[in-house]
Amino acid sequence: MRTPRWGRRLLPAAVSAAGLLLGLGVWQILGQRDPVLFATPGRSAAALLVLTEDNSLPSALLSSGTLLVIGLALAIVAGVGFGLLLSRAKLLRTSTDWLIFAAQSVPIVALAPIILSAFGFGLPAKTLVVFLTAVFPIVVNTAEGAHRVSATLLEVARTYRSNEWHLWKDLLLPHTVPYAMTGVRQGIAMAFVGTLAAEFFLNASGVGGLLLAASTNFDSAAVLGLTVLVSVLAVGLMSLGRAVERYFARWRAVEE
């Protein structure tokens, strides 16, 4: 028997809600058994309320959000531009493929001492960390999208003597945008990780700084509350990225 459409939509939400309630129940039990190591959900919510009332949390969110937006914007501009360049410069693509994957695999923490020496503890150093964590998925997906343009369509365009401008405008860019958006969605998640890493390792500020201070003071209520808040923000950003990707990749969904 086929499941109704409304059932297919509600079932995942119901399973998610059940998992969330189960997690909260386990958290509550652990908090009651060991209140020093595990604060209960109620104590964690109260700790977040205290941080909000003394303006620590709003200021930290603003600081972290500013850093994330600047670093991600730079990564999108550079990643899409370089990805498109790779798609049209075969020699550059074949000679830098290994370098891109090698750079992507380097743990950003390993570069922290070099970044500190070059840029100090300020916003430029943190922005560089966010940029480096977010740019590679965007480059790889953009170059892959442009590289996958149908050879038949390219041949037809050349047969009708399309110049480089029309080739880009009518064929390459429309085909590449959905792939670039997939890279941007992955870049959003990586930029979020990079923001927290920069605030942890370069200068304790923003949400990462609050987490570090709470850990140092062994304030489990604030640590757990901030951790849950960070998770909720990450889910929200990923949902936003998925919505943007779905909007620009409508034709690809139809093809599939």
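Leaving aside its neighbours within four places in sequence, with which residues is Thr127 in contact? In this predicted model, the partners of Thr127 beyond that sequence window are Leu67, Ile70, Gly71 and Leu74. Thr127 itself lies in helix α6. With a relative accessible area of 8%, Thr127 falls below the 20% cut-off and is therefore buried.

Helix α6, which spans residues 123–147, also packs against helix α4, residues 90–104. The angle between the two is about 150 degrees, and their axes lie 10 Å apart. Since angles over 145 degrees count as roughly antiparallel, α4 and α6 are therefore assigned to that class. Their crossing is left-handed. On the α4 side, the contact is formed by Arg93, Ile100, Phe101, Ala103 and Gln104, which meet Phe136, Pro137, Val139, Val140 and His147 of α6. Sorted by class, the residues of this contact comprise seven nonpolar, two polar and one charged.

A further helix pair is formed by α3 and α9. Their axes approach within 6 Å and cross at roughly 130 degrees. An angle of this size lies between the range for roughly perpendicular, 65 to 115 degrees, and the limit of 145 degrees above which helices count as roughly antiparallel; α3 and α9 are therefore oblique to each other. From α3, the residues Ser56, Leu57, Ala60, Leu61, Ser63 and Ser64 take part, and they meet Gly206, Val207 and Leu210 in α9. This contact contains five nonpolar and four polar residues, and no charged ones.

The discussion now turns from helix pairs to the nonpolar cores. The largest nonpolar core has 36 residues, of which Leu57, Leu72, Val129, Ala191, Leu202, Leu226 and Val230 touch the most other members. At least two residues of this core come from each of α2 (41–53), α3 (56–88), α5 (108–119), α6, α8 (164–201), α9 (206–216) and α10 (220–248). The greatest contribution is that of α6, which gives nine residues.

Leu226 shows the surroundings of one such core member. Apart from neighbours within four places in sequence, Leu226 is in contact with Leu48, Leu51, Leu57, Leu210 and Leu211. Two of these partners have appeared above: Leu57 and Leu210 also belong to the contact of α3 with α9. Separate from the largest core is a second one of eight residues, among them Leu84, Val149, Leu171 and Leu172.

Note on methods
Residues numbered from 1 in each chain as written. Predicted model: local features only at pLDDT ≥ 70, side-chain atom pairs only at ≥ 80, totals over all residues. Heavy atoms only, no water. Axes fitted to C-alpha atoms, helices over the stretch in contact; angles between N-to-C directions. Helix = DSSP H or I, 4+ residues; strand = E, 2+ residues; numbered from the N terminus. Parallel < 35°, antiparallel > 145°, perpendicular 65-115°, else oblique. Left-handed = near helix turned anticlockwise from the far one by under 90°. Contact = heavy atoms within 4.5 Å. Nonpolar A, V, L, I, M, F, W, Y, C, P; charged D, E, K, R; others polar. Buried < 20%, exposed > 50% of the residue type's maximum accessible area, 1.4 Å probe, protein only. Core = buried A, V, L, I, M, F, W, Y, C linked by side-chain atoms within 4.5 Å.
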